[in-house]
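Here is my note on the model you sent round. Please read it with the sequence and structure open beside you.

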Amino acid sequence: MAIIELDEVWLSYRPRGERGEREAPRWALRDISLSVAAGECVGVLGANGSGKSTLLRVIAGIFTPTRGSARLAPSIGCVLDLTLGLNRDLSGSQALEVYASIDGITGSRWRELRPFVIEATQLSELTLSHALSTYSLGMLLRLQFALAVAQRPVALVVDEVLAAADSGYRSWATGQIKALRDQGTAVILASHDASLIRALAQRVIVLERGAQVFEGPTRAALQHYRSQERVRRAQAPTAGR
């Protein structure tokens with residue numbers, strides 16, 4: 001059964017010009033159709049600017065398609081933007097409460113989840129008492145990821161950010177994603193890391209300029225993506241020409 005269903009999704013945006021004025025609309029996503037079943041992990045590959053992050057934000061319900069339709073999971077855990085505009089003077093513990101509140105987790109539900117969340121960050125209570133301004137990207141990742149997995153969501157959306165983790169936490173986080181997937185969570189993972197995609201995804205889509213140019217088994221998708229990269233490097237201008 002499909003947990004997430006995108007049908008011919010297009011999404012446009014209007015960039016700002018040099019003077020701040022809005023320019024003509026451009027397509028960030030073009031005619032994307034995707035179905036993700038319970039217990040399936042779908043990887044998303046593509047060069048920078050290909051639409052990976054935009055696609056994940058549509059799946060997370062943050063962006064609404066300009067055209068087409070998106071049927072989304074009833075509960076979605078998101079690990080997307082590590083620089084989300086929280087007050088950098090907040091402590092790690094306070095930030096967790098804010099993140100939880102944004103997700104609708106308050107009161108007794110937060111008190112129930114908090115011990116697991118704290119353990120899942122693998123940060124000490126002392127570190128969690130420090131201001132976010134002292135945190136590295138890897139530490140910010142731990143806050144978001146811990147809260148996302150603690151909720152045991154129907155779907156989990158992860159965008160690139162595991163690259164910010166150290167090897168120990170990255171290994172633990174990969175194990176948590178596998179466990180959620182095996183328990184029926186639908187996982188959508190965008191990453192440039194072939195080893196991570198290979199370890200987690202049963203199927204991969206490849207994006208180019210907002211369009212889906214390949215969908216298939218992980219190994220074939222990685223081969224397609226590498227061939228794309230070789231073409232891009234060959235076409236890139238050489239310094240001094």
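How many bridges join strand β5 to β6, and do they run parallel or antiparallel? Four bridges join them, and the strands run parallel. The points below start from that pair.

1. **Ground rules.** This is a predicted model, in which local features need pLDDT of at least 70, side-chain atom pairs count only at pLDDT 80 or more, and totals for chains, interfaces and linings use all residues. Residues are numbered from 1 along each chain as its sequence is written, and side-chain values use heavy atoms, with hydrogens and water left out.

2. **Strand β6 and its neighbours.** Strands here are DSSP runs of E with at least two residues, and helices are runs of H or I with at least four, both numbered from the N terminus. Two strands count as paired if DSSP finds at least two bridges between them. Strand β5 covers residues 76-79. Its Cys78 stands opposite Val157 in β6, and Gly77 has Leu156 of β6 as its bridge partner. β6 also pairs with strand β7 (residues 186-190), again in the parallel sense, over five bridges. There, Val158 stands opposite Leu189.

3. **Cover on the strands.** Buried means under 20% relative accessible area, exposed means over 50%, and partly exposed lies in between (1.4 Å probe, protein chains only). In a regular strand the side chains alternate between the two faces of the sheet. Strand β6 (residues 155-159) has five of its five residues buried. Ala155, Val157 and Asp159 are on one side, Leu156 and Val158 on the other, and both faces are covered. β5 reads another way: Gly77 and Val79 form a covered face, while Ile76 and Cys78 form an uncovered one.

4. **Salt bridges.** The criterion is a side-chain nitrogen of Lys or Arg within 4 Å of a carboxyl oxygen of Asp or Glu. The whole structure has 10 such contacts. One of them joins Arg26 and Glu23, at 2.7 Å from N to O. Arg26 is partly exposed, at 41% relative accessibility. Glu23 is partly exposed too, at 29%.

5. **Links across the chain.** Lys52 and Glu160 meet in a salt bridge at 3.7 Å, N to O. This pair ties together distant parts of the chain, 108 residues apart: Lys52 is in helix α1 (residues 52-59), and Glu160 is in the loop between β6 and α6 (167-182). Lys52 counts as buried because its relative accessibility is 6%. Glu160 is partly exposed at 23%. Asp166 bridges to Arg142, with the closest N and O atoms 2.7 Å apart. Here the loop between β6 and α6 is linked to helix α5 (residues 137-150), and the two residues are 24 apart along the chain. Asp166 is partly exposed at 41%, whereas Arg142 is buried at 11%. Glu40, Arg203 and Glu215 form one network through salt bridges that share partners.

6. **Positive patch.** Which residues gather in a patch of positive charge on the surface? They are Arg198, Arg226, Arg230, Arg232 and Arg233. Patch members need over 30% relative accessible area and no salt bridge; like charges are joined within 9 Å, and nonpolar side chains (Val, Leu, Ile, Met, Phe, Trp, Tyr) within 5 Å. Helix α8 (residues 218-235) gives the most, with four residues. Arg232 is found in α8. It is partly exposed, with a relative accessible area of 32%.

7. **Backbone angles to check.** Most residues other than glycine have a negative phi, and most peptide bonds are trans. Asp31 has a positive phi of about 60 degrees. It lies in strand β2 (residues 26-37) and is partly exposed at 41%. Gln122 also has a positive phi, near 55 degrees. Its place is in the loop between α3 (107-121) and α4 (125-128), and it is partly exposed at 40%.

8. **The start of the chain.** Is Met1 buried or exposed? Met1 counts as exposed because its relative accessibility is 83%. It is found in the segment before β1 (2-13). Its C-alpha atom is separated by 27 Å from that of Ile105, which is 104 residues away along the chain.

Definitions and conventions: Areas by Shrake-Rupley, 256 points an atom, 1.4 Å probe, with all protein chains shown as cover. Lys, Arg positive; Asp, Glu negative; His and termini not counted. Charge placed at Lys NZ, Arg CZ, Asp CG, Glu CD.
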